Amino acid sequence: MRRTVFALAGFLLPLLVTGAHAEEGASEPESTRQQALVHLVRQDCGACHGLRLTGGLGPPLTPASLEKWPPELLAATIVAGRPGTPMPPWRQFLTDTEAVWIARQLQQGFPE
Amino acid sequence: MKTKSLWRVLSLCAVALAGCQHAPLRGTGDLGLVIERANGCVTLVDTTARQAYGRVCGMGDLSHASAVFSRDGRYAYVFGRDGGLTKLDLLEARIERRVIQSGNAIGGAISQNGRIVVAQNYTPGGIKAFDADTLAPIAEVAAEYAPGQLSKVVGLADAPGQRFAYALFDAGEIWVSDFSNPAHPATQRFAAGRQPYDGLVTPDGRHYLAGLFGEDGVALLDLWRLGDGSRKILPQYGEHEEKRPVFKMPHLRGWALAGGKAYLPAIGRHEVMVVDTATWRELARIPVRGQPVFVMARPDGRQVWVNFALPDNGKIDVIDTLRGEVEHRLEPGRAILHLEFTPRGEEVWLSARDDGKVLIYDTARFARVGEMAVDSPSGIFFTSRAHRIGF
């Protein structure tokens, strides 16, 4: 398990630069866009992770299961996917900033 | 339970001043249900009237929920994501029984003789069998493929001989459990390939196919010749080609078999694969407008309807199986998640999740002939599934 985590971190490190860059802007998506992102996560991420985000074919995305990761790493996973697993890269649907926002929301308890 | 029903009838009688008017007797062959994925409810529908006739709530997390039917067509068994298993009475439009059978589930199946309902679970990985009348637990098979290692179970389907076939995502295996002796199922294991993501039993009950995510190809098990084991078919289907990201896993359950050919979703590609079911070799690929999720044959096999993953999930392509190409393209609504044909296929019902509507189309004219408001609709299930193997 731990080994997978390190391998993942190794793969994603280069992408963290993007994450950091996104954070500079640090602006939150505007509210209608936030609603669209919540919908995307609940409905479409939910296809694998569960509408309640408690896991399915994909792992749970609850605050407890994500607390140990920096949001930028989670955001990089959202944007770039996880090779070797069914997790696809979502970059065509959202920006880096939006991915960081989603990661933070997931860690705080995702809005309904 | 009997007393309660009687009480209901009596109270209805008391209200009806004109005397006790029984609801007219009716069958259930034209009934069905639509899963409302966001709020734990199902809408009950009548395919003759093209209308909803009831709504039942209180079923927990119904994202990715599915349903099977009792063989008398009166009851639906709804499998929720949160491990809830609910037995619904379609005629009385109410929950007959409900149990929470696991932590995280992904569908189920009903045995050939209709007496056993089996749920497939992600957590804890395995299958559990229940008495179809009472939902009392009968037996379970833990998907423990190595000591202490439980796999998520996918692609559970019923097969003749009170058997159930299913695939182990994490183990890369197909298991077949024989429930002839319900309390003591006998399980056989077969190597399948990397990350089987869904499976199906062919309409004749002979073959089990598991789609592989972690490698190219499909695992095929001949249930008449289990001794031969599983073999890989279509190994060439992704060779030397870059796959597109898969934003939604294809479903094989609604798979299409028509005229000796099988139509399968090509994972990570904008194609439907056509396979010869005698040789299990690829015959052709039909280009479509997105990554297929459901590839479903109209019951007569003349058409195959295809819906798609994001970002093309507002589209439907209809393949003419005689010509082997797309004959009609529709954009019926936003987020078309599922489709279900009426028992003989003159109409098809589509879930448009983001429009909050179920749409009904005439399959000969491609004309919309009805619609109804349903909150966040996903799976549509009609009672005609009760009499189909593998559904």
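**Aromatic cluster and ring pairs**

I looked first at W90(A), F93(A) and F247(B), which ring pairs link into a cluster; I counted rings of Phe, Tyr and Trp (its six-membered ring) as paired if their centres lie within 6.5 Å, with planes under 30 degrees apart taken as stacked, over 60 as edge-to-face and the rest as tilted. The model is predicted, and I accepted local features at pLDDT of at least 70 and side-chain atom pairs at pLDDT 80 or more, while totals for chains, interfaces and linings use all residues. I numbered residues from 1 along each chain, lettered chains from A in the order in which they are written, and used heavy atoms for side-chain values, without hydrogens and water.

Over all chains I found eight aromatic pairs. The pair of F164(B) and F179(B) is edge-to-face, because the ring centres are 5.6 Å apart and the planes stand at 90°. This pair links distant parts of the chain, 15 residues apart: F164(B) lies in strand β15 and F179(B) in the loop between β16 and β17 of chain B. I took strands as DSSP runs of E, at least two residues, and helices as runs of H or I, at least four, numbered from the N terminus. F164(B) and F179(B) are both buried (under 20% relative accessible area, with exposed over 50% and partly exposed in between; 1.4 Å probe, protein chains only).

I next noted W349(B) and F382(B), whose centres are 5.3 Å apart with planes at 85°, so this pair is edge-to-face. W349(B) in β31 and F382(B) in β34 are 33 residues apart. W349(B) is buried at 0% relative accessible area, and F382(B) is buried at 1%.

**Interface of chains A and B**

I found 24 residues of chain B and 23 residues of chain A in the contact (heavy atoms within 4.5 Å). The buried area is about 1,900 Å², of which carbon and sulfur atoms give 57%; this is the accessible area (1.4 Å probe) lost on putting the two parts together, summed over both. R37(B), F247(B) and L310(B) supply 27% of the area that chain B buries against chain A, more than any other three residues.

Which side chains meet in a salt bridge? I identified R353(B) and D44(A), at 3.5 Å, N to O (the rule asks for a side-chain nitrogen of Lys or Arg within 4 Å of a carboxyl oxygen of Asp or Glu). The rule finds one salt bridge across this interface.

**Helix α2 of chain A**

I recorded D44(A) among the buried residues of α2(A), which also include V41(A). The buried residues of α2(A) pack against α5 of chain A.
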